[in-house]
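Biologist: Please show me the model, and let us then discuss it by question and answer.

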Amino acid sequence: MAPRKDRVSYFFDADVGSVYYGPNHPMKPHRLCMAHSLILGYGLHEKLEVYRPHKAYPQEFAQFHSTDYVEFLHRITPEMTDYYKDQLVRYNMGEDCPVFDGLIDFCKIYTGGTIDGAVRLNHGLCDIAINWSGGLHHAKKQEASGFCYINDLVLGILELLKYHARVLYIDIDIHHGDGVEEAFYMTDRVMTVSFHKYGDYFFPGTGDVKDIGERDGKFYAVNVPFKDGIDDAGFHKLFKPVMTKVMEIFQPGAVVLQCGADSLAGDRLGCFNLSIDGHAECVKFMKKFAVPLLVTGGGGYTKQNVARAWTYETAVLLDAQLPNELPVTEYYEYFRPDYLLKPPVNTLIDNGNAKSYLQAIKNTIMENLRAIVHAPSVQMHEVPPDSYIPEVDQDDLTSPDERFSQFQKDKMVARDDEYYEDEYDQDHDTEEPRRHA
Ligand code: V1D
Ligand code: CA
């Protein structure tokens, strides 16, 4: 008998692709429309459950972000920036994180997609959820950072923690996943593993192999720092053994995989030499563990390569084969001169990762992982309610996914230590249980 295919939910709203960060800014949300168009062009939508995400509510943002920051994001418009100069500095908005038209709706959509994916996984309605618009891993509790405003990944993980004792976060964007790491640095319920370029003042400057988490989170943050020009072979010399060990030791109930495509060769901001196959191999590898999987986008600044990579990774998640010749879509001319899904890789950057360097990093990480006790035990109890659900007239629901009314009726189990203790405690874990209504 043929193996059962995974049920894959896919979240997309074309409105995310119409925002503009400004002239000379490398982040081009239009790449999301290009990826979606290629996914449709290959006919992959026929094998996906396609959803328009809900627009996340301020109360949902505030599960991680400070209310003053959330209110500011709702209030600010490009016309008001002169008046709000001090606050823009306070919330780190400016060159990297500009105020642009439609900013708050952009945040609501990409965050809605990640939360919706987590909710569907929690309810066993799919095996894999994809939100290429999400993955904005640098956003902090009280400030924007590195083109990111709201940290949809932290919010998605908090949602998954309502049903899963342990959640694993993996980040293959070339930049360190600092916002997610910081949010869960002191807990053993979320393990964060980031692969990134480190050194030479590369943004954001964090993610040393020696940074391993603190307090209960000691050894639950893993950092894999590479130098310029890492290729497929070098990347996987670490990715595969590290992720195999992490899965064996941590035994997560769900995995969140941030697939920033700026780690591809030829990226406008990046300096790695990964091929589309090498990047997608991470997705293929994690899918094999058959644990509920939430897949997001992230960085990626050579638009046509971002579209190629995320299309191919969508196919990998569906176990679908794609011809190398691209289908004709409205963006066909972006893919010149070869019009191929996987054009030959142009490795223009020297590989600065000596074998001895990679081996030393691997040894350090494996040694740290040995310090972790197998699967920390967790007690189960009634779950807190699903992500914030406003009072709405059912007739007003525009999303094809009208799960909330059903979900509110569902009764599930989760840990009994899941609520906020203090400002460091992003995963709601503490000593004394607080019952939810
Ligand atoms: F080149 C630019 C032109 C205009 C505006 C910004 C940039 C730019 C390039 N690289 N900004 C950066 C990085 N910022 C700095 C700043 C200098 N300051 C002291 C800090 O080096 C930010 C890079 C952000 C990368 C984001 C990401 O790819 O990781 C991502 N992931 O999900 C979404 C985005
Ligand atoms: Ca990374």
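Biologist: In which strand does H196 lie?
Modeller: Strands here are DSSP runs of E with at least two residues, numbered from the N terminus. The run that spans residues 190–197 holds H196, and this run is strand β5.

Biologist: On what basis should I read these values, and is H196 buried or exposed?
Modeller: This is a predicted model in which local features need pLDDT of at least 70 and side-chain atom pairs pLDDT 80 or more, whereas totals for chains, interfaces and linings use all residues. Residues are numbered from 1 along each chain as its sequence is written, chains are lettered from A and ligands numbered from 1 in the order written, and side-chain values use heavy atoms, without hydrogens and water. Buried means under 20% relative accessible area, exposed over 50% and partly exposed in between, with a 1.4 Å probe and protein chains only. Because its relative accessibility is 0%, H196 counts as buried.

Biologist: Which residues are closest to ligand 1?
Modeller: A residue surrounds the ligand if one of its heavy atoms lies within 4 Å of it. Of the 21 residues that do so, the closest are D96, H137, H138, D262 and Y301.

Biologist: How far is a polar side-chain atom of H138 from an oxygen atom of ligand 1?
Modeller: For H137, the corresponding distance to a ligand oxygen is 2.8 Å. For H138, the distance is 2.7 Å.

Biologist: How many disulfides does a search of the whole structure find?
Modeller: A disulfide is a pair of cysteine sulfur atoms within 2.5 Å. The number found in the whole structure is zero.

Notes. Polar contact = N/O pair within 3.5 Å; in protein donor to acceptor, adjacent residues only side chain to side chain. Helix = DSSP H or I, 4+ residues; strand = E, 2+ residues; numbered from the N terminus.
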